[in-house]
Amino acid sequence: MKLRTIIILTIVMLMLSITVTASMLIPSSDKAKEHAKAPEKSPAIGDDWELERIDFVHYAKPDWAVKPPKIPKTETCYKLMGVKWKSFPVDYVINPTNNDGLSESFVVNTISTSAETWDIVTSSELFSDSYGIDYTVQYGVYDYQNSIVFGDYPESGVIGVTSVWYTRKGKEIVEFDMLLDTDFTWGDAELNTNLMDLENIMTHELGHAVGLSDLYSDACSAVTMYGYSNYGEISKRSLEQPDITGLQEMYG
Ligand SMILES: [Zn+2]
C-alpha cells in the first residue's frame, strides 16, 4: 500500500515537472500568436447563421522604430486566414469622428487610398470606389456594415483592431469592423514622425479585412502584414511582394 502511494506520488511529480518544463520551453515568438485571438462564436449572432468572429489586435512595439526592417529571405511572409470574400465589391462605411483634429476629407481620402493600394494589385474589384460616411456607425457590432471608426480599446498598447466575421462552413467573409485606438495621436507621419500614420495602419488592417493574418517573425518585419508598428512608421503604406502574393492567391 505504501509502495503504491510512493509510486503514484512519483508519477504525479514527474508529470508536474514535465508540464512546467514544457511551458518554459515555449518560444517567445509563439506568445505573439496569441495576439490573434482564437475564433470564437460571437454572442451577437444566432446559431442558424453559423458565423465565427476573429479579432486581429495590432500592438505597438517600443523598439520597433529604431530597428531597420529586414528583407524577407527564406520565410514565406504571408499567411492566409483561410476565409475570403465571395461577392464584390466590398463596401465600407467610415465614421470620421476623431480626437486629433483630422478633417473628414483627410480621414476618408486616406482610408480610400489604403483600400486602393490592395485593389490595384488584384484583378478582382475588391473594394468599392465609393465609401459611406456615417457619424453613427460603431465598431464590433455585426450589422451588415463594414465600419471603420476611431475609439478607445480597453487594453494599452493597442493601435488598432480588425474584427472579421465569416461563415463557418462556406469560409466566406461577410463583414469586418475596424477600430483605430484613440490612445494614439493619428495623422500623416510623413509630415510629422510623432504621429501614428493613418494610411500605414489602415493598409495593414485592410489586409485582415480581405483575409490575411499577421506575421510576427523578424524575417518578415518588412511586409505590410507584419504584426507590429509604432509612431512614425510609413513602410506599411506600400505592399511588399509577399503581401501581393497572398492577396492574389485568394482573389487573382
Ligand atoms: Zn494585424
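This section describes the sheet, the packing around it, the aromatic pairs and the zinc site of a predicted model.

The central element considered here is an open sheet of 7 strands with mixed pairing, in which the strand order is β3-β2-β4-β6-β5-β1-β9. Strands β3 and β9 occupy the edges, and each has a single partner strand, so one side of each is left without a neighbour in the sheet. Helix α3 packs on this sheet through contacts with β2, β3 and β4, and the direction of α3 makes about 145 degrees with that of β2. Helix α4 lies across β1, β4, β5, β6 and β9; relative to β6, α4 runs at about 155 degrees.

Within the sheet, strand β1 spans residues 51-60 and is mostly covered, with 9 of its 10 residues buried. Pairing between β1 and β5 (residues 158-167) is antiparallel and extends over 9 bridges. In this pairing, Glu52 stands opposite Tyr166 of β5, and Val164 of β5 is the bridge partner of Ile54. With β9, by contrast, β1 pairs in the parallel sense, over 2 bridges. Here Tyr59 is placed opposite Tyr228 of β9. Strand pairing of either sense, parallel or antiparallel, proceeds through backbone hydrogen bonds.

The largest nonpolar core comprises 58 residues. Inside this core, the residues with the most contacts are Phe127, Phe176, Trp186 and Leu206. Two or more residues are contributed by each of β1, β2, α3, β4 (147-151), β5, β6 (173-181), α4 and α5 (241-251). The largest share, 6 residues, comes from α4. The surroundings of Trp186 were examined further. When residues up to four places away in sequence are not counted, Trp186 touches Asp100, Leu102, Phe150, Ile159, Leu180, Asp181, Leu195, Met196, Asp197, Leu198 and Ile201.

A search of the whole structure yields 9 aromatic pairs. One of these is formed by Tyr92 and Phe127 in an edge-to-face arrangement, with 6.0 Å centre to centre and 85 degrees between the planes. Tyr92 belongs to the loop between β1 and β2 (93-95), whereas Phe127 belongs to the loop between α3 (104-119) and β3 (132-133); the pair therefore ties together parts that are 35 residues apart in sequence. Both Tyr92 and Phe127 are buried. Ring pairs also bring in Tyr131, linking Tyr92, Phe127 and Tyr131 into a cluster. Phe127 thus appears both in this cluster and among the residues with the most contacts inside the largest nonpolar core.

The zinc ion has three protein donors: His204 and His208, each through NE2, and Asp214 through OD. These donors lie 2.0 to 2.1 Å from the ion. Along the chain, the donors follow the spacing H-x3-H-x5-D. His204 is located in helix α4 (residues 198-210) and Asp214 in the loop between α4 and β9 (228-229), so the pair ties together parts that are 10 residues apart in sequence. His204 and Asp214 are both buried. Helix α4 accordingly recurs in several parts of this description: it carries His204, lies across strands including β1 and β9, and gives the largest share of the largest nonpolar core.

How values were computed: Residues numbered from 1 in each chain as written. Predicted model: local features only at pLDDT ≥ 70, side-chain atom pairs only at ≥ 80, totals over all residues. Heavy atoms only, no water. Donors = N, O, S within 2.8 Å, 3.2 Å for Na, K, Ca; no water. Helix = DSSP H or I, 4+ residues; strand = E, 2+ residues; numbered from the N terminus. Buried < 20%, exposed > 50% of the residue type's maximum accessible area, 1.4 Å probe, protein only. Pairing = 2+ DSSP bridges. Phe/Tyr/Trp six-rings, centres within 6.5 Å; stacked < 30°, edge-to-face > 60°. Core = buried A, V, L, I, M, F, W, Y, C linked by side-chain atoms within 4.5 Å. Contact = heavy atoms within 4.5 Å. Axes fitted to C-alpha atoms, helices over the stretch in contact; angles between N-to-C directions.
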